[in-house]
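Let's take a walk through this structure together. Have the view ready to rotate as you read.

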Amino acid sequence: MKATAQRAIALLQELIATPSHTREEQATAEILARHLSEAGVVVERIEQNIIARSRGFDPARPTLALNSHHDTVRPAASYTRDPYAPTLEGGRLYGLGANDAGASLVALVELFIALYDKALPFNLLLALSAEEECGGEKGARAWVPAVGKVDMAIVGEPTSMQAALAERGLVVLDCEAQGVSGHAAREEGINALYIALEDIARLRDYRFERESKFLGPIRITTTQIAAGTQHNVVPDKCRFVVDIRTTDAYTNEETVELLRKELRSTITPRSTRIRASVIEESHPLVRAAVKAGAATFISPTTSDRTLMPFPALKIGPGDSSRSHTADEYVLLTEIEEGIDTYLKIIENLATEYGYQTVG
């Protein structure tokens, strides 16, 4: 196995052994900062986000961000292994965060170190995020506006090294139907539950006029409902929750306003900041990934990519189906393949900008 992959695996083992639940990432931030510093890289800190810029960083050149995250979810209750004990077994590395997104993280870290001093037609910006799993204020929401102009990004997430051209946004609506309470036996009042059910039916059947070329129609799913205090009282309030997977056909704000006009219930979005993200197939970064052998697809999951106001391609080692599962693991060969493919993408992208070799 190549020395670069061996260093990446050793770093991932150290990260697995250090709990880094989302919003509790200080220890892994320290490990990553130390690892980069020992390799001669100048490191910046924005909260628990680790930022580094390639040597000779020139704001006049385009900037490519290399991004992944070092926080994890909490381990599932069904773990049969110690989630914080990195275990090599049968070509697999087991441990919490090994797949999501530790493999992508360490592959991008080692790639950045290898290219830190190399001549490229674009800058490299390494951005290792905190709070990705919760979409927190101190993760990408903090570093993206703080680092200056970024032209494009590779976002490391487990995609089996397929290139995700698009992913949906997310809006969660808290809805409330208002009625008038009364005695059920006398058929008094206005039943808020019936109002809510009518609105839920409207949402189920609603179709937006525009549809995304990449992501298709907006998806609306009612997921929770609550009403009533006892069997003989007509409920005057009914609350329900709606999960909306948005697309680039409408902004999140437009989506909310269109639905607001359709319903009798009041609707309140929890946030409109998780936006759909699309990168065109003609973008040089996509062409570079395809030339490196990556198949393209549409991702069903969201990531920090939705918080980036610049073209971004999500791609990384590991398999999304292993994320957030018990006994999480990544294949050692996937890490090695990830480093190799990332390097090919960078080389191909340099060619797109007129360089023949990376050196």
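The paragraphs below look at helix packing, then at a single helix, and end with one glycine.

Keep in mind as you look around that this is a predicted model. A good place to begin is helix H3, which spans residues 98-115. Helix H2, residues 26-38, has an axis that comes within 10 Å of the H3 axis, and the two cross at roughly 25 degrees. Angles under 35 degrees count as roughly parallel, so H2 runs roughly parallel to H3. The crossing of H2 past H3 is right-handed. If you display side chains here, you will find Leu32, His35 and Leu36 on the H2 side, meeting Leu105, Val109, Glu110, Phe112 and Ile113 of H3. Sorted by class, this contact between H2 and H3 holds six nonpolar residues, one polar and one charged.

Now turn to helix H1, residues 3-16, which also packs with H3: their axes come within 9 Å and cross at roughly 135 degrees. H1 and H3 are therefore oblique to each other. H1, too, passes H3 in a right-handed crossing. From H1, the residues taking part are Thr4, Arg7, Ala8, Leu11, Leu12, Leu15 and Ile16, and they meet Ala98, Gly102, Ala103, Leu105, Val106, Val109 and Glu110 in H3. In this contact of H1 with H3, ten residues are nonpolar, two polar and two charged. Look again at Leu105, Val109 and Glu110 of H3: they meet residues of H2 and also residues of H1.

Further along the chain, helix H8 covers residues 332-352. How far does H8 reach from its first C-alpha to its last? With 21 residues, H8 reaches 31 Å, close to the 30 Å expected at 1.5 Å a residue. Many side chains to inspect here belong to its buried residues, which include Leu332, Ile335, Ile339, Tyr342, Ile345, Ile346 and Leu349. Glu334, Thr341 and Asn348 are also among the buried residues of H8. After H8 comes Gly354, with a positive phi near 100 degrees.

Finally, find Gly179, in the loop between strand E9 (169-178) and strand E10 (182-183). Is Gly179 buried or exposed? Its relative accessible area is 11%, and buried means under 20%, so Gly179 is buried. Leaving aside residues up to four places away in sequence, Gly179 touches Ile190, Ala192 and Asp236. Glu281, by contrast, lies 102 residues from Gly179 in sequence and 50 Å from Gly179 in space, C-alpha to C-alpha.

Notes: Residues are numbered from 1 along each chain as its sequence is written. This is a predicted model: local features need pLDDT of at least 70, side-chain atom pairs count only at pLDDT 80 or more; totals for chains, interfaces and linings use all residues. Side-chain values use heavy atoms; hydrogens and water are left out. Axes are lines fitted to C-alpha atoms, for helices over the stretch in contact, and angles run from 0 to 180 degrees between N-to-C directions. Helices (H or I, at least four residues) and strands (E, at least two) are DSSP runs, numbered from the N terminus. Angles under 35 degrees count as roughly parallel, over 145 as roughly antiparallel, 65 to 115 as roughly perpendicular and the rest as oblique. A crossing is left-handed if the near helix is turned anticlockwise from the far one by less than a right angle, and right-handed if clockwise. Contact means heavy atoms within 4.5 Å. Ala, Val, Leu, Ile, Met, Phe, Trp, Tyr, Cys and Pro count as nonpolar, Asp, Glu, Lys and Arg as charged, and the others, Gly among them, as polar. The expected span of a helix is 1.5 Å times one less than its number of residues. Buried means under 20% relative accessible area, exposed over 50%, partly exposed in between (1.4 Å probe, protein chains only).
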